[in-house]
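Reader: I should like to examine how the descriptive terms applied to this structure are justified. Please set each value against its criterion.

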Amino acid sequence: MSADVRDILDIERANTPELTRETFLATKKRNFERAKNASKRPEGMHREVFALLYNDNKDGPPLLPDNTVCVDNSYKQAKARLGMRKVRKWEWAPFTNPARTDNAIFHHWKRVGEKEKEYVFAKFNKHLEIPSYTMTDYNAHLRTNTQNWNKAQTDHLFDLAKQFDLRFIVMADRWDREQHGTKTVEDLKERYYEVVGLLTKARGQPSDKKTYVYDGDHERRRKDQLKKLFDRTLMQVEEEQMLLNELKKIEARKKERERKTQDLQKLISQADQVRTNMWQIVNINHLSDAASNTPSTRKYEKKLHKKKLHHQPRPSKVDSVVNAIEVGTSGIKFADLRGSGVSLRSQKMKLPANIGQRKVKALEQCMQEFKVDPAPPPTEDICNSFNEMRSDMVLLGELRTALNTCIYEIESLKHQYEAACPGKSLSIPPTLKPPVTVTPETAEANNSTTTTTT
């Protein structure tokens, strides 16, 4: 407690020891030894950072190693190196900008004795190359049949183009309407690019330079459409949105009708297939009944029952034939890209995602067999023909698979009949004979051959 507080509270003050030379030197020695043993903060390290490493209780540093010695001066901040040399003098010197043509003089600070240099920002002064023409060129190539542009107006246009570097908005604003009449931005662009094209064509166009053709009528129509779009009322916007919603509903109903039509066509094709299969079943049953009614066949069947053969015939040979002739007649259903969005025509030739890998490989093999380009140019006619051809190829592959299955079943039934009736051969009706497969080689060899398909 301080002496002032003791005096205020009227508390007896403690006896202060007498300060002598010996006690003063002893206290100073203790403080020196304490400061000598204390860890020294590295130069450049902040006091708060050093306090995290050591404290007044002389606790040890953390177990993790750290760099407390500033070896590479990483803790030091850059300081100005002040020497005893004289400071170099600066002067307020004039300079000119080569980008300006009015000989304007400006001033800035620079060191005394430094060489004059070009103004550093003069390199950004870039100008476009505006072509020029003479009176002979104008009379020979640039004179127009209409009265919209004359030589004075054309000269004024090219003067503004050189002055404002083809900034047509600024050029239209600076156009002298009192002397040359009113001209829009589209009129200025159309006339300028027309003159440039005529001069380039008359003087010989370089091979690496293309002439820009400006369509002023298209630009005017575009701006008129934008103005009409911007000037629409709230009622017109709502009406347009209602029409778009109705269009979406119509497209949805159209897709639903197409889906129902496709399902109906599928049912019709399945009914035709069932009718064809039933006719084949009747023919096969007729042949089986005719073979089983012969005396030799009945004797042979009795012998088979007596010997109890382990070989059991298949329960239904006709079912496998019916299951094998399940061929879809629709081929591939490609996506219809007639929507409101933007799409590439080549997307029409993309195969749908519902086609399996087996059909895709069979289609690729078929295209290799007939030597068809897998990626033809996507024109409108080529896209439609290419999609129809691939759909027919998939249908051809399915028909081939069903045909092979039918032939296998017919041959199996024939062998079974011959085994059941030794010495007799089964005559296959014309409706069950395998069709003649036409390939490019056989078509070239036999142009008059007629193929019969089941």
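Reader: Among contacts in the protein between residues at least 6 apart in sequence, what share joins residues at least 24 apart?

Author: The model is a predicted one. Of the contacts between residues at least 6 apart in sequence, 53% join residues at least 24 apart. The protein has 15 helices and 2 strands.

Reader: How much of the protein is buried, and what area is exposed?

Author: Buried residues make up 19% of the 454 residues. The protein exposes about 37400 Å², and carbon and sulfur atoms supply 54% of that area.

Reader: What makes the arrangement of helix 13 and helix 14 parallel, perpendicular or oblique?

Author: Helix 13 (residues 357-369) and helix 14 (residues 380-420) pack at an angle of about 105°, with their axes 10 Å apart. Angles of 65 to 115 degrees count as roughly perpendicular, so helix 13 is roughly perpendicular to helix 14.

Reader: Which residues make that contact, and how do they divide by class?

Author: Helix 13 contributes Lys359, Leu363, Cys366, Met367 and Glu369. Helix 14 contributes Phe386, Arg390, Met393, Val394, Leu396, Glu398 and Arg400. By class, the contact has 7 nonpolar, no polar and 5 charged residues.

Reader: Why is the pairing of Arg220 with Glu190 called a salt bridge?

Author: The closest N and O atoms of Arg220 and Glu190 are 3.0 Å apart. The criterion asks for a side-chain nitrogen of Lys or Arg within 4 Å of a carboxyl oxygen of Asp or Glu, and therefore the pair qualifies. In general terms, side chains of opposite charge can pair when their charged atoms come close.

Reader: How do you know that this pair links distant parts of the chain, and are its residues buried or partly exposed?

Author: Arg220 is in helix 9 (residues 216-230) and Glu190 is in helix 8 (residues 185-203), 30 residues apart. Partly exposed covers the range between 20% and 50% relative accessible area. Arg220, at 24%, counts as partly exposed, and so does Glu190, at 30%. Both residues also belong to a network of salt bridges that links Asp187, Glu190, Asp217 and Arg220.

Reader: What separates Glu219 and Arg222 along helix 9, and how is each classed by accessibility?

Author: Glu219 and Arg222 form a salt bridge whose closest N and O atoms are 2.4 Å apart. The two are 3 residues apart in helix 9, which means a separation of about one helical turn. Buried requires a value under 20%; Glu219, at 16%, therefore counts as buried, whereas Arg222, at 36%, is partly exposed.

Reader: What supports the salt bridge assigned to Asp173 and Arg174, and how many salt bridges are counted in total?

Author: The side chains of Asp173 and Arg174 meet at 2.5 Å, N to O, against a limit of 4 Å. Asp173 is partly exposed at 48% relative accessible area, as is Arg174 at 46%. The count by this rule comes to 19 salt bridges.

Reader: What is notable in the phi values of Asp165 and Leu166, and where do these residues lie?

Author: Asp165 has a positive phi of about 55° although it is not a glycine. Leu166, likewise a residue other than glycine, has a positive phi near 60°. Asp165 lies in the loop between helix 5 (151-164) and helix 6 (168-173), and Leu166 is placed in the loop between helix 5 and helix 6.

Reader: Why is Asp165 called buried?

Author: Its relative accessible area is 18%. Buried means under 20%, so Asp165 meets the criterion.

Note on methods: Residues numbered from 1 in each chain as written. Predicted model: local features only at pLDDT ≥ 70, side-chain atom pairs only at ≥ 80, totals over all residues. Heavy atoms only, no water. Axes fitted to C-alpha atoms, helices over the stretch in contact; angles between N-to-C directions. Helix = DSSP H or I, 4+ residues; strand = E, 2+ residues; numbered from the N terminus. Parallel < 35°, antiparallel > 145°, perpendicular 65-115°, else oblique. Contact = heavy atoms within 4.5 Å. Nonpolar A, V, L, I, M, F, W, Y, C, P; charged D, E, K, R; others polar. Buried < 20%, exposed > 50% of the residue type's maximum accessible area, 1.4 Å probe, protein only. Areas by Shrake-Rupley, 256 points an atom, 1.4 Å probe, with all protein chains shown as cover.
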